[in-house]
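Please open the model in your viewer and keep the selection panel at hand. Each stop below suggests a selection and then says what is there.

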2 protein chains.
Amino acid sequence: MKVENIQLYYLSMPEILDEADGSQDALVVKVEAGGYEGWGECEASPLTSISNFICPKSHSAANPIRSSIVGENINDLSDIKKIITRVKNRSLMIAQTPHTFSGIEVALLDLLSKKESCPIYSLLGMNKTIPKIAYASVLFGKTPQETYNIAKNLINKNFKAIKFGWENFGLNIKTDENHLVAARDAIKNEAELMIDVGAIWETNIDEAEKRKKILQDAKITWLEEPFYSDAFYEYSKLSEITKLPLAGGESCHSIESAKNMIRYGKVKFIQIDAGIAGGIIAGKEICDFAEKNNVQYVNHTFTSHLQLSSSLQPYVSSTKSKFAEFPQQLKSLAWDLTENHISMDEDGFINVPEDVGHGIKINQSALDQYIVDVEIFVNKKKIF
Amino acid sequence: MKVENIQLYYLSMPEILDEADGSQDALVVKVEAGGYEGWGECEASPLTSISNFICPKSHSAANPIRSSIVGENINDLSDIKKIITRVKNRSLMIAQTPHTFSGIEVALLDLLSKKESCPIYSLLGMNKTIPKIAYASVLFGKTPQETYNIAKNLINKNFKAIKFGWENFGLNIKTDENHLVAARDAIKNEAELMIDVGAIWETNIDEAEKRKKILQDAKITWLEEPFYSDAFYEYSKLSEITKLPLAGGESCHSIESAKNMIRYGKVKFIQIDAGIAGGIIAGKEICDFAEKNNVQYVNHTFTSHLQLSSSLQPYVSSTKSKFAEFPQQLKSLAWDLTENHISMDEDGFINVPEDVGHGIKINQSALDQYIVDVEIFVNKKKIF
């Protein structure tokens with residue numbers, strides 16, 4: 001069979017707030033071939049990726065992604081791998097390409113798995129699923145007291161790991177310390193504590209190093225994204241100076257960039273988003289490389305459970321990589337997008353669905369409810 | 001004064017051919033502030049970057065680029081640096097951002113230089129301009145004989161360095177050898193010979209290593225882009241195994257990624273496109289870092305002379321970095337875009353214009369002749 005059609009759905013909350021929450025909009029992909037449907041989600045600026053998908057060609061290494069996929073064979077895994085190489089080489093000079101293609105790759109795998117009546121992970125040669133310790137992924141409170149309350153509430157829900165992230169942290173050491181003390185006070189020794197600072201220190205090693213003691217005192221499991229995602233030198237220096245275990249990788253947009261993060265950035269946890277890194281097959285190769293280098297693979301997910309299942313697929317069989325990001329503050333769009341959801345068991349573990357494909361069913365009415373209407377004309381001709 | 005307006009012009013040849021030539025379309029930027037105009041060019045898929053410029057916000061790290069610049073102060077260089085940081089942080093999660101912003105940065109510098117009545121390089125603290133050895137940047141011929149003829153013709157035009165690139169090379173060792181022998185036969189010892197393989201070997205070190213002898217025999221000055229741009233490990237291995245001087249960096253989209261190419265990829269020539277890497281200020285920082293590490297900085301340019309002048313600005317004063325890419329097979333669009341051009345002297349050197357700004361004047365009639373009409377509607381509202 002051949003890929004017959006690819007449809008992109010730009011979904012959005014009615015209002016986009018100026019906060020780090022990535023679940024406020026979505027770019028969902030449907031592919032069709034041989035009577036089957038596959039679904040995936042890109043982690044991307046939707047309009048930018050739509051243009052990347054249908055843009056007029058610039059030259060032989062800057063083609064619209066659509067042109068490399070529609071009409072191609074999709075009978076087995078090797079066909080998908082051919083499409084991956086074809087897209088990479090034909091759109092190499094458009095930086096947005098991995099963001100746009102990743103969701104399509106997931107949809108292609110979902111479709112092929114449906115034809116084969118198996119889960120995606122089986123298609124990739126994995127036979128068992130091992131539950132992961134779910135870490136609640138939440139933003140710091142506006143005040144340390146609020147951070148305390150959030151942590152307490154999550155502990156009461158049986159979480160065995162909590163990650164505070166992004167906002168209200170990194171600009172003032174005293175405030176940072178208060179947040180960390182509040183978080184650790186709330187969770188005591190009942191759970192792991194991770195901290196995500198969202199590249200707040202850019203490339204400034206000193207600013208990061210100043211937090212060495214307060215982060216050590218809080219007994220964090222990892223410090224995530226102290227610097228810009230390609231600041232490998234700074235990552236490795238901070239790791240060397242502080243001995244803090246570092247995590248990063250959500251912006252890795254290729255297998256090579258993730259390997260660089262491991263080889264040169266010296267992270268101990270590599271966090272891969274199936275909607276950015278190139279898809280699930282890319283994730284699997286990164287996971288194998290990571291574990292060979294004594295680095296744990298972790299999903300990166302801050303959107304829907306479609307994306308959550310996709311990002312869990314590459315390491316479902318791993319016994320070495322123990323944690324899974326489990327977003328806890330999704331906007332209604334990201335929740336409503338799917339009919340079923342992944343839930344945490346009473347011991348604080350989550351697992352991928354064992355159904356065919358990624359096992360997540362799209363809620364068609366959410367597509368209607370949140371759809372953003374986009375029309376693009378080039379020289380008066382409608383191309384989207 | 002404040003940035004009042006930014007206008008993007010998508011230009012294209014009537015027909016885009018399936019060849020590696022990047023001069024077939026263009027994305028040109030005009031900025032306006034305080035009665036001044038500045039011009040720049042992005043090296044980008046035009047429609048993808050237009051969308052990146054005006055897309056609806058996704059979250060606090062995925063904003064449209066326009067929103068970070070229009071209305072901001074532009075009174076001195078520190079204001080431009082503030083804008084650079086603001087754009088980076090507010091659009092960090094849109095991978096296309098550096099492609100789109102780079103041309104805007106050039107336009108902002110051009111504008112500010114016009115206010116100060118000085119060249120851009122002076123604004124950045126450089127006081128003299130040192131001519132560079134122009135290397136003719138051309139594609140391999142379809143046959144070794146054609147490659148010979150192209151080289152001979154360039155030698156007759158006084159070129160002291162010739163780079164063959166991209167097409168018709170890398171897939172068959174015997175053919176590759178014939179091309180290399182033909183090129184060296186034609187130029188004898190009268191000129192340097194560089195080879196650009198456009199990532200043809202992806203991440204396959206063996207395929208590259210097989211060409212060790214034929215490349216050594218051809219006495220090449222550098223081998224460019226043997227692998228994908230982020231395959232630092234493979235670059236460093238090839239350098240170690242073959243001792244061939246490697247070049248790369250045209251896809252570097254940040255200061256950090258260029259430093260990685262130098263630190264970890266072990267290139268001897270770092271090739272930076274002002275229309276991709278973040279602009280001229282980014283180029284200057286990369287150049288300083290490169291030369292401290294005994295690496296030569298080289299412009300990457302395969303489009304107009306607006307882009308050529310922009311990409312030369314970061315290293316005009318350098319005595320260590322000796323070469324400059326001088327594209328020789330531009331499509332009419334890229335030539336017609338500017339009223340004036342940079343020409344090579346009889347000794348084979350080129351230099352930046354010493355006029356204010358980048359010294360290149362836009363040909364308004366080319367904007368009309370090659371313009372592509374783009375309209376984008378989001379929920380029926382025209383946003384471009």
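The tour goes from confidence to domains, and then to the contact between the chains.

**Before selecting.** This is a predicted model, in which local features need pLDDT of at least 70 and side-chain atom pairs count only at pLDDT 80 or more, while totals for chains, interfaces and linings use all residues. Residues are numbered from 1 along each chain as its sequence is written, and chains are lettered from A, with ligands numbered from 1, in the order in which they are written.

**Colour by confidence.** Chain A averages a pLDDT (the predictor's confidence in each residue, from 0 to 100) of 97, and 100% of its residues score at least 70. For the complex, the predictor gives an ipTM of 0.96 and a pTM of 0.96.

**Select the two domains of chain A.** The domain assignment (bounds of this kind come from an automatic or database assignment) gives domain 1 as 5–119 + 364–382 and domain 2 as 123–350. Their C-alpha centres lie 26 Å apart. Where they touch, 31 residues of domain 1 and 30 residues of domain 2 take part in the contact, two residues being in contact if their C-beta atoms, placed from the backbone, lie within 7 Å.

**Stay on the domain 1 side.** Strand E3 (36–42), helix H2 (77–90), helix H3 (97–116) and helix H14 (364–370) of chain A each supply at least two residues of the side that touches domain 2; helices (H or I, at least four residues) and strands (E, at least two) are DSSP runs, numbered from the N terminus. The largest share, 11 residues, comes from H3(A).

**Now show both chains.** A rotation of 180° with 0.0 Å of shift along its axis superposes chain B on chain A with an RMSD of 0.0 Å, the fit being by least squares on the C-alpha atoms of residues with pLDDT of at least 70 in both copies. The two copies are thus related as by a two-fold rotation axis. Both copies use the same surface, since 100% of the contact residues of chain B recur in chain A.

**Select the contact between the chains.** Chain B and chain A contribute 51 residues each. On the chain B side, helix H1 (46–54), helix H3 (97–116), helix H9 (232–242), helix H10 (255–263) and strand E13 (374–378) give two or more residues.

**Finish on strand E13 in both chains.** E13 of chain A (residues 374–378) runs antiparallel to E13(B), and five bridges join the two; strands pair if DSSP finds at least two bridges between them. Centre the view on A:Ile376, which stands opposite B:Ile376 in E13(B).
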